Structures are given as structure tokens and as C-alpha cells.
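Open the model in your viewer and keep the selection panel at hand. The stops below run from record annotations to packing.

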Amino acid sequence: MENGFIYLIKASGLIGLFYFAYFFLLRKETFFSANRWFLLLGLITSSVLPLFFITKIIWTEPNSDSFDWSTIPVTTSVAPEPKINWYLVLACVYFSGIAISFLKLVFDFKSLIQLLKGKTMQQQDNFKLIDIAENIAPFSYFNHIVYNSALYSAVELENILEHEKVHSQQKHSIDVLISRLFCVIFWFNPFIWLYKKTIAQNLEFIADSEAAKKITDKKAYQFTLLKITTQENCVALTNHFYQSLIKKRIIMLNKNQSKKTNTWKYALVLPALVAFVFLFQIEVVAQEKETPKQEKETKSEAVDLKSFKVDEDLIPLSEGKEIYINGKKSSQEELDKLDPKDIESVDVIKKSANPKILVTTKHLTKPLKITDKDIYIDGVKSTNEEFSKLDKNTIDKMDVNTLENTIRITTKKEEKKLPNVVYIDGEKISQSELENNFVFRNVKDSKIVKGEKFDTHYITTSKKSTLKNNEVKPLIIMDGIEADSNFKIDEFPTDQIENINVLKGNSATTKYGEKGKNGVIEITTKEKTTLNNFKPIRGKAVQGFQTLKQGTVKNDWIVGYGTNGTGNTISKIINDKKINYKKAVIVIDGKQSDYKNLEKLNPKEVESVIEADIKNASEEDRNKAIQLYGKKALNGFIQVNTKTKENK
């Protein structure tokens with residue numbers, strides 16, 4: 001139904017195009033006969049051209065997806081409550097208009113037949129002259145010419161007959177009937193009624209022009225036109241001598257012939273028609289390219305099933321060939337069980353490395369066609385390309401709505417939950433200890449054992465003392481600068497160390513006082529660590545180093561900075577374009593928190609910040625981050641240490 005309305009709109013537009021072309025380009029020209037054919041061809045072209053399309057084929061790469069869609073639960077939407085079908089309403093209005101217009105045409109035709117019925121006809125050459133007593137304007141209908149001789153003089157009657165004979169000879173009644181039929185079909189289009197009037201007017205121009213060539217007194221002919229204006233009773237479906245706009249007829253009768261060079265105007269409609277075709281009549285069809293294997297295997301032979309018998313024909317035919325029933329590889333025994341009445345088609349592929357016989361039954365469930373529907377994946381409208389990249393194993397269910405022509409796909413959601421029991425290096429710890437003290441970069445191995453009531457998470461680290469914060473630690477001095485208690489010497493790369501000096505006992509306390517009572521490790525690096533040249537190690541977060549309190553340090557994916565009295569560390573985090581703090585994992589003073597608590601922090605109370613763009617880290621570091629914090633860690637990691645009461 002929709003295609004029908006589109007056709008009517010296109011045809012109506014073309015009718016308007018031809019009408020405007022005549023009105024603005026040809027109306028004042030004296031090419032009356034050429035104009036007649038232009039107007040008739042305009043109607044025919046307008047009705048035929050929208051029916052033809054140019055097919056444009058776009059070749060796409062073949063989809064190698066062999067996923068079994070039958071494993072996906074497909075639900076069909078229940079039809080919603082009935083709504084107003086506007087197409088049906090418009091169709092009713094349209095066909096009602098056609099019925100009324102057609103009844104009017106039938107009534108006019110019946111009136112004409114009744115008028116001619118029982119009248120005396122006088123044969124003159126190929127014309128049938130009918131002299132009536134009714135006060136009706138003279139007219140012609142095919143070879144019938146009707147007039148009332150009592151109303152005109154002999155000269156006037158001669159002029160009238162010459163005019164009507166032109167109508168009859170050139171079969172102008174056909175033009176009138178064609179225009180009336182188009183008015184029935186396109187009754188809603190205002191241009192068709194103007195078009196009909198234009199055709200009738202041009203036919204009068206033709207008759208006036210041809211009759212004037214045979215009449216010696218042209219002025220008397222014009223007076224006859226004026227006299228007929230007093231008779232307005234005209235019969236429909238005829239070419240009648242009286243027409244409105246007599247002034248135009250007289251003007252055209254006395255106008256000089258147009259120059260033949262003006263015929264170029266007829267060609268101006270061609271570019272418009274070409275534009276119409278390219279804009280509206282090109283149908284794009286997407287087809288998959290055949291792979292060489294497909295091209296080879298498509299050379300098959302179809303079997304005539306009219307006199308086909310399974311035992312006599314199909315079984316011998318299948319010998320030495322692979323058997324596929326409805327696309328599924330089957331055995332000879334399954335083939336033998338087939339009822340011949342259930343077989344839709346049989347194809348034999350011979351030109352292949354492995355000859356095959358393909359049997360399709362009548363009860364085959366047709367595969368779901370995706371490409372002609374709007375696709376939504378988890379509520380988001382998606383393209384066919386995005387759908388083809390979707391892992392079919394992640395699909396939970398599909399909702400096919402045939403009314404809205406949509407497919408809504410829901411994928412399986414991964415449940416993110418923290419393990420109930422955690423063992424690190426064989427020692428059971430609580431979740432709070434894991435969040436506060438464990439550094440995920442030390443993870444060497446991790447596995448989760450699923451249980452009915454809880455899961456157990458086993459973690460092996462590269463250093464078993466990771467969580468033993470009460471262990472006695474020596475004082476560490478790097479390039480003359482004291483590191484705080486969180487500094488982990490095992491994370492510092494040995495290739496950057498120039499010298500290590502270990503002090504114990506009196507030598508340590510003499511040089512560093514009470515701080516050196518547990519021993520001192522003095523480290524000298526190859527590139528001296530200062531505020532200006534400190535460079536963090538790629539892939540390592542050097543925690544606890546006191547220079548973080550004084551400035552900012554950067555590399556590819558990790559940034560560390562502290563407070564030096566200038567700037568706002570919280571603003572730096574919020575304005576960082578690389579890491580979206582609202583989506584990142586946030587740890588404040590060793591405890592996992594969220595962005596709302598981060599925003600509440602007083603910048604003056606912040607001692608140091610470490611930001612890590614985990615997605616740009618090494619694969620090993622990414623995996624370790626995900627093991628501890630889940631996939632959220634890929635959005636970034638932000639660690640904030642505030643000043644302790646002792647430092648305030």
C-alpha cells in the first residue's frame with residue numbers, strides 16, 4: 001500500500017513538471033500539433049516512468065558467520081493495541097474519490113449516448129452530421145458532428161463544420177477521453193485538472209488554425225466565435241465549438257507563426273526527467289561477493305521432483321556423495337526415512353572436491369533475516385557491521401518485533417563480585433586488609449575457586465612480606481633524600497642503581513641518629529634524583545619517595561605529584577583529560593573510595609597523588625589491575641595520600 005502512495009506522489013509530481021514546462025515555455029508558441037503530442041506524452045511518461053527502476057548493485061564482502069542461531073532464544077513481540085492505520089484511511093479516501101469521479105464519467109457518457117440516440121444522421125464523406133433542435137453549442141465526438149442549423153446562417157454553419165471536421169479528422173476525442181481518465185485516477189492532484197483544460201484549449205487552437213486555412217473570410221470566422229459565446233450549453237466528453245477564453249483563441253488565430261528555432265524548448269524537460277530518475281528511480285541492492293569456493297560449488301544440478309522416488313532415484317543419486325538435509329550433514333539412514341512428499345528441492349553438486357547432495361524439505365524453518373531490520377544491542381541502535389562483530393556467545397536473548405521491523409538483542413551481563421575468602425601466599429586475610437595494604441603490582445599468580453556459598457581467591461605474590469606492615473624496616477636514603485616508610489626497594493630497577501651502602505649499628509645511629517637504629521641503606525642512582533630530573537620507572541609506581549611532596553613526575557601512563565604550596569591537587573585530578581576521575585578506581589589513604597569523597601577532600605590536606613592510566617600500561621600490569629579491582633581499573637587508577645596528624 002505504501003508503494004502505491006509513493007507511485008501516486010511521483011506521478012503527480014511529473015504531471016506538474018510537464019504542466020509547468022508547457023505553461024512557461026510553450027504556451028505562447030504556435031506549435032499547436034507539437035504541443036498536442038508533448039502534452040499527451042507528458043501524461044504517458046508521468047504514469048509509466050515511476051514504475052521503472054535502475055538497479056545499482058553494491059558488492060559486499062561475504063559474511064563467514066556460521067553461528068547456529070537456533071541456540072539463541074528468540075521471542076516475538078505481542079501485537080500492541082490496535083492503532084489507526086492511516087494508510088488504510090488514505091486508501092479509503094482515495095478510492096472513494098475514484099468512485100465518484102468514475103461515476104461522473106459514466107453519467108456524462110450516458111448523457112451523450114441519449115442525446116445521439118434516435119437522431120437522423122446525414123453521411124458526408126467520413127463524417128456523420130446530426131442536426132438537432134436543442135439549444136446546444138456545436139460539438140464533435142469522433143466522426144459525429146452535432147449542431148443546430150436553425151441558430152446559424154449558412155456562412156456561420158460552414159465555418160462551424162470546418163472547425164469540427166478538424167477535430168474529427170485528427171481524432172481529438174481520444175485526447176479528451178485520456179485526460180478525463182487521468183482526472184479519475186489523479187483526482188486529488190490540482191495540476192491534472194489544469195492539464196485537462198490545457199489539452200482542450202490546445203485542441204481548439206489546432207482546429208482554429210486548420211479551419212482558417214480553408215476559410216476565405218477569416219474575419220467572419222472570428223465573428224462566428226463571438227456569436228457562439230452566447231451558447232454555454234455544452235456536452236461533456238466532446239470537442240465543442242464553444243470554449244471559454246475566446247479572446248485567447250482569437251489572439252492565437254492572428255498570431256504570426258513561431259520560429260522553428262524555438263523548438264529547442266521541448267528539450268528542456270529532458271534534464272528534469274534525468275534528474276528525477278537519478279534521485280528517485282535508482283534502487284540500491286547489496287550482494288555478497290562469492291568466494292572462489294562458493295563459485296565452484298554453486299555449479300549444481302536441480303532434480304525434477306515430478307516423478308521422483310526416494311528408493312529408486314534419490315538413494316542411487318546419493319551414492320558417493322556427502323548428504324545434507326536442510327543444511328545439516330546427515331546419514332544415508334536419515335535420507336532413507338524421508339517422505340518424498342516432504343521434499344521441496346534436491347540439488348546435486350558435482351563440480352567440487354567433495355560431491356554433495358543437498359535436500360531441502362518443505363517444513364524447513366527459514367533462517368532469521370537480520371539485514372532488513374533495525375538492530376538494537378542492549379538498547380543502543382547499532383549497524384549491521386557492529387552486529388557482525390558481536391560475539392554471538394554473549395547473546396542472552398533476541399526480541400523480534402515484526403510490526404516495528406526491529407530486533408532487540410540483550411547480551412549476557414557479567415556479575416562483578418568480590419571474593420568472599422582471600423589467601424595471599426597461603427595466609428588468610430580480610431577484604432579490608434586487601435584493600436588497604438595490598439599493592440596489585442606484586443601479584444605473581446591468581447586464581448579463583450568457585451563455591452556454592454562463596455568463592456575463594458588464591459593470590460601468590462613476588463614478595464611474601466607485602467602485607468606485613470609491622471615488619472622492622474631499615475631507613476632508606478636515595479641520593480641524599482630520605483624515603484618514607486611506604487617506599488619499596490624491590491620495585492626499584494637495579495640497572496638505575498650506581499652504588500648501595502649499608503650501615504648498621506653505631507655507624508648508622510652516629511650518622512642518622514635514632515632513625516638509623518634499624519639500619520640504613522644508602523642508594524646512589526646513576527642519574528641523581530632531584531626535583532628537576534626525577535623520572536619514575538616505566539611500569540612501576542615508586543611509592544613513598546619524598547620528592548613526590550615537592551613537585552610533579554610523569555611518564556607514558558603514570559603520573560605522581562605532591563603539594564609544594566602552589567596549585568590545587570584535587571583540581572588537577574578533576575581536570576585531567578586522560579583519566580575520567582568519575583569512572584576510575586579511587587583509593588584514599590589505602591581504602592577504596594569514590595569520586596564524591598575525592599571531591600570533598602581539602603587540597604591543603606593532600607600529601608601526594610599517583611594517577612595511572614591502566615589501559616596504556618603493559619599487558620602484565622593491566623591484568624594485575626583487573627584481578628584486584630575488576631575491569632573498572634581500565635578507566636584509570638587514582639591513589640591519594642593525605643597528611644597524617646603527626647605531619648599537620
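UniProt positions are given here in the numbering used for this model, feature names are shortened, and annotations may be inferred rather than shown by experiment. The model is predicted: local features need pLDDT of at least 70, side-chain atom pairs count only at pLDDT 80 or more, and totals for chains, interfaces and linings use all residues. Residues are numbered from 1 along each chain as its sequence is written, and side-chain values use heavy atoms, with hydrogens and water left out.

Select residues 6-25, 37-59, 84-107 and 177-195. The unreviewed UniProt entry lists these under "transmembrane region". Residues 6-25 are 100% helix and 0% strand (helices are DSSP runs of H or I, at least four residues; strands are runs of E, at least two; both numbered from the N terminus). Their end C-alpha atoms are 28 Å apart. For residues 177-195, that separation is 13 Å, with 79% helix and 0% strand.

Next, select Phe38, Phe186, Ile192 and Tyr195. They have the most contacts inside the largest nonpolar core, which has 36 residues. Such a core is a set of buried (under 20% relative accessible area, 1.4 Å probe, protein chains only) Ala, Val, Leu, Ile, Met, Phe, Trp, Tyr and Cys residues joined through side-chain atoms within 4.5 Å. H1 (2-26) gives the largest share, 10 residues.

Now show H4 (residues 154-169) and H7 (residues 218-228). They pack at about 90°, axes 9 Å apart (lines fitted to C-alpha atoms over the stretch in contact; angles run from 0 to 180 degrees between N-to-C directions). That makes H4 roughly perpendicular (65 to 115 degrees) to H7.

Terms used:
Parallel < 35°, antiparallel > 145°, perpendicular 65-115°, else oblique. Buried < 20%, exposed > 50% of the residue type's maximum accessible area, 1.4 Å probe, protein only.
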